[in-house]
Amino acid sequence: MKHQTVLSSGSTAELDGANVHIRSESGEELRMRELQSADGWMAIGARHDLPDDVGRVWRTECVLRRGAADGGQDLVRLRTQCIATTAGAKLETPRKPYLIKALIKNGWGGKDRQLEVADRPIWLAHNDEGLSRASAVTLGEASKWLPTVYVSATGKSTWLLGQREIEKLAYDLGGIAHVIVEPDRAFSFSLRTQTEAKNAYGGTIALSAPGQGIVRRYYVGWQIQDDIELAATIREAASTLRSQMPSFGWDWTELQEQALRAQRVSEKTRLTAAESEQLYLDEIENLQDRIRQLEQQLVALPSDSVGTDEGEFSADNLVRRIGPEIYSGEVSDRLRLAAKTTLSVAEQIGLDTRSRAILQRVVDRLPVSPALSELFQDLARATKDPKRVASELRSLLARHGYSEKSDNKHIRLEADKQFDGLDTITVPKTPSDHRGLTNLRKQIERTLGIAKLDD
């Protein structure tokens with residue numbers, strides 16, 4: 001490191017040992033600890049504290065455990081902190097340690113179930129292998145250690161983010177999250193069948209957690225204005241999700257605890273009274289360090305769990321209060337339509353100028369959701385073939401809040417209870433002609449209330 005002093009020639013230290021502690025005159029500290037077993041070393045770790053001149057300590061911990069991961073792989077856990085040492089010090093989020101980049105660059109990323117830990121995106125091919133991997137990501141079965149960012153396509157080799165932006169996103173998230181990219185929109189249609197419509201599509205970028213599947217979806221809309229903001233949001237969300245996931249590796253205090261316990265057991269008969277007392281003091285100090293860490297986590301918890309005013313008006317919170325959407329971004333699109341409709345009669349109803357300005361800003365800055373265009377195209381595709389129209393519409397509308405109630409000469413589909421305001425849709429099994437199919441599609445668009453949403 002450019003500003004390190006702890007390993008400079010002026011430092012007096014003995015680095016050859018199972019327990020190393022070096023401190024420079026500037027207050028920088030480096031601790032290293034090795035845990036041995038009868039078969040050799042079990043774990044080795046280090047903690048580096050670098051104080052700055054504004055009352056903070058930048059701490060990096062790294063612990064390597066032998067054979068702790070799947071398939072006997074060694075497991076590295078890194079942890080970074082910015083700790084205040086004076087009152088009023090401004091805390092910041094540390095950057096990803098360079099050591100992670102170095103490990104991945106040297107090919108030591110390892111295997112995370114179906115996915116390699118890397119700093120490059122995985123570009124899926126439109127074949128059975130690609131669909132299988134995408135399905136596993138959607139359902140939370142592809143990985144164990146890291147979350148996955150899934151980038152759905154808006155067309156053939158086109159996405160809301162450009163190729164360079166996707167590559168940079170994967171580089172920034174290397175060792176934090178996998179980045180998976182689907183090849184085209186036709187791929188998402190095939191994937192939808194395999195995952196019972198749980199997949200991301202139409203340009204939406206999804207965040208998938210191991211064992212859970214997709215937990216969040218992101219797209220350009222009322223909260224995220226452009227692709228730059230979209231990429232930044234994904235980076236932050238993936239990093240936050242990873243920090244909240246269970247950690248299978250050891251942190252520094254866990255390594256200390258295990259090493260001190262092993263030393264006390266193995267050297268119990270050889271220790272003098274003074275050495276035994278010092279060992280207990282070391283264990284107490286380590287436990288106090290653990291308590292301080294837990295206290296810091298509790299202090300940080302309210303900021304994560306208690307939303308600000310802006311957070312309370314997030315898309316997720318609003319959808320939870322209103323009810324589920326028939327497609328991603330429905331609430332946003334309907335608010336946009338309401339703003340346009342109100343502006344069209346602003347003069348007649350005497351709407352004040354401030355309200356007009358706010359509503360106009362909503363219309364100008366709130367784009368139509370990508371999933372709406374996808375729904376229109378799905379409906380057009382489902383009403384092309386008279387022989388398949390009944391089964392295609394039954395399957396499509398089941399993904400958008402409808403379920404079949406009767407099947408006689410016509411198929412009667414009713415909206416699920418939580419989708420207020422949706423009327424029944426009747427689908428004839430044998431439409432008369434092409435015009436009949438077109439009329440059926442337009443009727444369904446009107447029933448869903450989407451006919452005017454893309455204006």
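How many bridges pair strand 3 with strand 4, and in which sense do the two strands pair? They pair over nine bridges, in the antiparallel sense. Before going further, a word on the model: it is predicted, so local features need pLDDT of at least 70 and side-chain atom pairs count only at pLDDT 80 or more, while totals for chains, interfaces and linings use all residues. Residues are numbered from 1 along each chain as its sequence is written, and side-chain values use heavy atoms, with hydrogens and water left out.

Some vocabulary helps here. Helices (H or I, at least four residues) and strands (E, at least two) are DSSP runs, numbered from the N terminus. Two strands count as paired if DSSP finds at least two bridges between them. As a general point, the strands of a sheet pair through backbone hydrogen bonds, either parallel or antiparallel.

Strands 3 and 4 belong to an open sheet of five strands, laid out in the order 1-2-3-4-5 with antiparallel pairing. Its edges are strand 1 (19-23) and strand 5, each of which pairs on one side only. On average, neighbouring strands here are turned by 10° against each other, direction ignored; axes are lines fitted to C-alpha atoms, for helices over the stretch in contact, and angles run from 0 to 180 degrees between N-to-C directions. Within this sheet, strand 2 (residues 29-37) and strand 3 are also antiparallel, again with nine bridges, and they make a hairpin with two residues in between. Glu34 has Ile44 of strand 3 as its bridge partner, and Ala46 has Cys62 of strand 4.

The hairpin of strand 3 and strand 4 has four residues between the strands, and there Gly55 takes a positive phi near 85°. Gly55 turns up again as a contact of Thr85, together with Arg56 and Val57, once neighbours within four places in sequence are set aside (contact means heavy atoms within 4.5 Å). Thr85 itself sits in the loop between strand 5 and helix 1. Asp52 is 33 residues away from Thr85 in sequence, yet their C-alpha atoms are 9.9 Å apart in space.

Parts of this sheet also line the second largest pocket, whose volume is about 760 Å³. On a 1 Å grid over the protein atoms alone, a pocket is an open set of points where a 1.4 Å probe fits, with protein on both sides within 12 Å along at least five of seven lines, and lining residues have an atom within 4 Å of a point. Grid points are joined across faces, edges and corners, and the volume is the space filled by probe spheres set on them. Of the 28 lining residues, Met1, His48, Thr60, Pro97 and Tyr98 are the closest to the centre. Strand 3 (40-51), strand 4 (56-65), strand 5 (75-84) and helix 1 (98-105) each bring at least two residues, and strand 4 gives the largest share, five residues. The lining splits into 13 nonpolar, seven polar and eight charged residues, where Ala, Val, Leu, Ile, Met, Phe, Trp, Tyr, Cys and Pro count as nonpolar, Asp, Glu, Lys and Arg as charged, and the others, Gly among them, as polar.

There is another open sheet of five strands, in the order 8-10-9-11-12, and its pairing is mixed. Strand 8 (122-123) and strand 12 (213-218) each have a single partner strand, so one side of each is left without a neighbour in the sheet. Strand 11 (residues 205-209) runs antiparallel to strand 12, joined by five bridges, with Ser208 opposite Ile214. Across strand 9 (148-151), strand 11 and strand 12 lies helix 5 (residues 227-244), at about 5° to strand 11.

Further along the chain, helix 13 (residues 370-382) and helix 14 (residues 389-398) pack at about 155°, their axes 9 Å apart. The two helices are therefore roughly antiparallel (angles over 145 degrees count as such). Asp378, Leu379 and Ala382 of helix 13 meet Val389, Glu392, Leu393 and Leu396 of helix 14; five of these contact residues are nonpolar, none polar and two charged.

Next come strand 13 (residues 402-407) and strand 14 (residues 410-415), an antiparallel pair with five bridges, joined as a hairpin through two residues. Ser403 is bridged to Glu414 of strand 14. Strand 14 also runs antiparallel to strand 15 (residues 425-428), over four bridges, and there Leu413 stands opposite Ile425.

Key:
Angles under 35 degrees count as roughly parallel, over 145 as roughly antiparallel, 65 to 115 as roughly perpendicular and the rest as oblique.
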